[in-house]
Amino acid sequence: NRPPSPPLLGPTEATILAVAGVLASNVMFYSESVLFRTGCGLPAGPSGVVGAVEGVSYLLEVGLAGFSIYAKVTGGKGLPPGPKGILLAATRLSYLAVFAGILVLIAQVVNFGFIPNMVPMEGAMCK
């Protein structure tokens, strides 16, 4: 028998990851809704801040979903629910946001025939 492994996250780390995950999922859902409705993502915004927040949110959500799956596969229990279940909520939102992103990507190709560039380009469909 192996001794029990220590938890992947302590309460402080779980809270920080959960709050960041919930905020990032809201940004990602908004970005996906704009992309679905218009065919173009969010504008870069002043000094590229909006685009940076959008990009970091996508990375965080995919990372959180991946970390959750990794914890489930390697530890069998997955991530802890966190204080008041906020990490559980953030994890489930990340799964939903990633799944919605896949659906929006498919709809983007079907409805508009292209996937917008991550970096706006001269002469591109989205600026």
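In which helix does Ile102 lie? In this predicted model, Ile102 belongs to helix α3, which covers residues 86-112, and the account below sets that residue and its helix within the chain as a whole.

**Overall layout**

The chain contains 3 helices and 0 strands, and read from the N terminus its elements follow the order α-α-α. Of its 127 residues, 28% count as buried. The accessible surface amounts to about 8300 Å², and carbon and sulfur atoms account for 71% of that area. Where contacts link residues at least 6 apart in sequence, 66% of them join residues at least 24 apart.

**Helices α1 and α3**

Helix α1 comprises residues 11-38, and because a rise of 1.5 Å a residue gives an expected span of 40 Å for its 28 residues, the distance of 40 Å between its end C-alpha atoms agrees with that expectation. For α3, the 27 residues should span 39 Å at the same 1.5 Å a residue, and the end C-alpha atoms, which are 37 Å apart, are likewise in agreement.

The buried residues of α1 are Ala14, Leu17, Ala18, Gly21, Ala24, Ser25, Met28, Ser31, Glu32, Val34 and Leu35, and their cover includes α2 (49-75) and α3. In α3 the buried set consists of Leu87, Ala90, Thr91, Ser94, Ala97, Ala100, Gly101, Val104, Ala107 and Gln108, and these residues pack against α1 and α2. As background to such spacings, an α-helix has 3.6 residues a turn, so residues three or four places apart point the same way.

**The nonpolar core**

The largest nonpolar core is made of 9 residues, namely Leu9, Ala14, Leu17, Ala18, Leu64, Ala71, Leu79, Leu87 and Ala90. The elements that contribute two or more residues to this core are α1, α2 and α3, and α1 provides the largest share, with 3 residues. One of the core residues is Ala18, which, when residues up to four places away in sequence are set aside, touches Ile86, Leu87 and Ala90. In soluble globular proteins, nonpolar side chains tend to be buried together.

**Two buried polar residues**

Is Ser57 buried or exposed? Ser57, a residue of helix α2, is buried because its relative accessible area is 6%, under the 20% limit. Leaving out residues up to four places away in sequence, Ser57 touches Ala24 and Val27. Ser57 and Asn26 are separated by 31 residues in sequence, while their C-alpha atoms lie 8.7 Å apart in space.

Gln108, placed in helix α3, is also buried, since its relative accessible area is 2%. Its contacts, again not counting residues up to four places away in sequence, are with Leu35, Gly39, Gly113, Phe114, Ile115 and Pro116. Two of these partners also follow helices: Gly39 comes after α1, and Gly113 comes after α3.

**Positive phi values**

Most residues other than glycine have a negative phi, and most peptide bonds are trans. The residues below have positive phi values.

| Residue | Place | Phi |
|---|---|---|
| Gly39 | follows α1 | near 85 degrees |
| Ser47 | loop between α1 and α2 | near 55 degrees |
| Lys84 | loop between α2 and α3 | about 55 degrees |
| Gly113 | follows α3 | near 80 degrees |

Ser47 has its positive phi despite being a residue other than glycine, and at 80% relative accessibility Ser47 counts as exposed. Lys84 is likewise not a glycine, and a relative accessible area of 88% is why Lys84 is classed as exposed.

**The surface of α3 around Ile102**

Why does Ile102 count as partly exposed? The relative accessibility of Ile102 is 46%, which falls between the 20% limit for buried residues and the 50% limit for exposed ones, and therefore Ile102 is partly exposed. Ile102 forms a nonpolar patch on the surface together with Phe99, Leu103, Ile106 and Val110, and the accessible area of these residues together is about 510 Å². Helix α3 thus carries Ile102, a member of this surface patch, while buried residues of α3, including Gly101 and Val104, belong to the set that packs against α1 and α2.

Technical notes:
Residues numbered from 1 in each chain as written. Predicted model: local features only at pLDDT ≥ 70, side-chain atom pairs only at ≥ 80, totals over all residues. Heavy atoms only, no water. Patch = residues over 30% accessible without salt bridge, like charges linked within 9 Å, V, L, I, M, F, W, Y side chains within 5 Å. Areas by Shrake-Rupley, 256 points an atom, 1.4 Å probe, with all protein chains shown as cover. Salt bridge = Lys/Arg side-chain N within 4 Å of Asp/Glu carboxyl O. Helix = DSSP H or I, 4+ residues; strand = E, 2+ residues; numbered from the N terminus. Buried < 20%, exposed > 50% of the residue type's maximum accessible area, 1.4 Å probe, protein only. Expected span 1.5 Å × (residues − 1). Contact = heavy atoms within 4.5 Å. Core = buried A, V, L, I, M, F, W, Y, C linked by side-chain atoms within 4.5 Å.
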